[in-house]
Amino acid sequence: MPAIRVRNIEKSYRDLHVLKGVDFEVASGSIFALLGSNGAGKTTAIKILSTLLKADAGTASVNGYDVATQAADVRESISLTGQFAAVDEVLTGRENLILVAKLRHLTNPGKIADDLLARFSLTDAGGRKAATYSGGMRRRLDIAMSLIGNPPVIFLDVPTTGLDPEARIEVWQTVKNLAQGGTTVLLTTQYLDEAEQLADRIAILHQGRIIVNGTLAELKALLPPAKIEYVEKQPSLEDVFFAVVGENGAGPDGEATGPHREAGTPAASAQNSEDQR
Ligand SMILES: Nc1ncnc2c1ncn2[C@@H]1O[C@H](COP(=O)(O)OP(=O)(O)OP(=O)(O)O)[C@@H](O)[C@H]1O
Ligand SMILES: [Mg+2]
């Protein structure tokens, strides 16, 4: 049985017909990327699947429960990391995690919080108010909060938007680890490379419908066969970023670091950062 099944879902906001019959399935324990440009309806789809919004037509089930008629069971089965970080700014990072653990009626919330702080490289920042966190730290805390209680299905709405390349790769690794542990992940993204890096299957949402759905290999097969071209390989801006930031880069909690490394051995440092990735 698929962990998520979506059949002919439609949703309009007044005259705006955003979802015009969306169908897809997500296999249990897999990572599924819903790819679409701004305004395509990704958040709308996530809201319907997480029971925050009712569809106008169609059916959807999550973890075997119908989102319309078994909303409470769906909510027990999922966690949602929304597009905009949902941390409480007045609380410290640790307190945010403890709050969620208590809301989920778990025993030993302090230990759960400390374990997650360590896992997300937030131990040093754990005692600081979330209001003082950088965007990346906030995002990591938000994702950490959604893992509490080990829900079988996780929704991540554009999880890496606004993150720097390092933080993005950290989030990707977290998502991969989750799926390896058997969690089903539905993530939305505007970034092709994110879908390419992470997803077992990719669906493209465009003008209210899924216009393509397949593995990366299947999607690539839709294009004409590869041509061989010889191009001079220039370093990408990301290569430069890692070469410069490299091993002396931002500390694990993203705090500002000391003076920048000396230029001088860019090739060597590029090699190092390549090794780290
Ligand atoms: N509550 C609402 N009322 C009216 N229109 C809405 C509402 N929520 C979303 N829309 C519209 O529906 C369309 C889809 O929005 P949605 O937020 O689902 O897109 P998205 O794919 O998540 O985009 P983004 O990549 O920018 O987050 C947009 O045109 C948006 O303006
Ligand atoms: Mg959105």
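A residue is counted as near a molecule if its C-beta atom, placed from the backbone, lies within 6 Å of that molecule. The legends below describe a predicted model.

**Figure 1. Overview of the protein chain in the predicted model.** The secondary structure of the protein chain amounts to 10 helices and 10 strands. The chain has 277 residues, of which 38% count as buried. Among contacts between residues at least 6 apart in sequence, 66% link residues that are at least 24 apart.

**Figure 2. The surroundings of ligand 1.** The shell around ligand 1 holds 13 residues, and those that come nearest are Tyr 13, Asn 38, Lys 42, Thr 43 and Thr 44. By residue class, the shell divides into 8 polar residues, 4 nonpolar residues and 1 charged residue. Two elements, strand S2 (16–26) and helix H1 (42–49), each contribute at least two residues to this shell. Helix H1 gives the most, with 3 residues.

**Figure 3. The open sheet of 4 strands.** The order of the strands in this sheet is S2-S1-S4-S5, and their pairing is antiparallel. At the edges are S2 and strand S5 (65–66), each of which pairs on one side only. Strand S1 (residues 4–13) and strand S4 (residues 57–62) run antiparallel and are joined by 5 bridges. Within this view, Val 6 stands opposite Ala 60 of S4. Strand S2 of this sheet also supplies at least two residues to the shell around ligand 1.

**Figure 4. The open sheet of 6 strands.** Here the strands follow the order S6-S7-S8-S3-S9-S10, with mixed pairing. Strand S6 (78–81) and strand S10 (209–214) occupy the edges; each has a single partner strand, so one side of each is left without a neighbour in the sheet. Disregarding direction, neighbouring strands of this sheet are turned against each other by 15° on average.

**Figure 5. The hairpin of S9 and S10.** Strand S9 (residues 201–206) is joined to S10 by 5 bridges, and the two strands run antiparallel. Ile 202 has Gly 214 in S10 as its bridge partner, while His 206 has Arg 209 in S10 as its bridge partner. The hairpin has 2 residues between its strands, and Gln 207 in the turn has a positive phi of about 50°.

**Figure 6. Helices H5 and H6 against the sheet strands.** Helix H5 (135–147) lies across S6 and strand S7 (153–157), and H5 runs at about 170° to S6. Helix H6 (residues 165–180) packs on the sheet, where H6 touches strand S3 (31–35), S7 and strand S8 (184–189). The direction of H6 makes about 150° with that of S8.

**Figure 7. Helix H3 and the helices that it packs against.** Helix H3 (residues 93–103) has as its buried residues Gly 93, Arg 94, Asn 96, Leu 97, Ile 98, Val 100 and Ala 101. In an α-helix there are 3.6 residues a turn, so residues three or four places apart point the same way. The buried residues of H3 pack against helix H4 (109–119) and helix H5 (135–147). After H3 comes His 105, whose phi is positive and near 60°.

Note on methods: Residues are numbered from 1 along each chain as its sequence is written. Chains are lettered from A and ligands numbered from 1 in the order in which they are written. This is a predicted model: local features need pLDDT of at least 70, side-chain atom pairs count only at pLDDT 80 or more; totals for chains, interfaces and linings use all residues. Ala, Val, Leu, Ile, Met, Phe, Trp, Tyr, Cys and Pro count as nonpolar, Asp, Glu, Lys and Arg as charged, and the others, Gly among them, as polar. Two strands pair if DSSP finds at least two bridges between them. A residue is buried if 20 or more other C-beta atoms lie within 10 Å of its own, exposed if 12 or fewer, and partly exposed in between; C-beta atoms are placed from the backbone. Two residues are in contact if their C-beta atoms, placed from the backbone, lie within 7 Å. Axes are lines fitted to C-alpha atoms, for helices over the stretch in contact, and angles run from 0 to 180 degrees between N-to-C directions.
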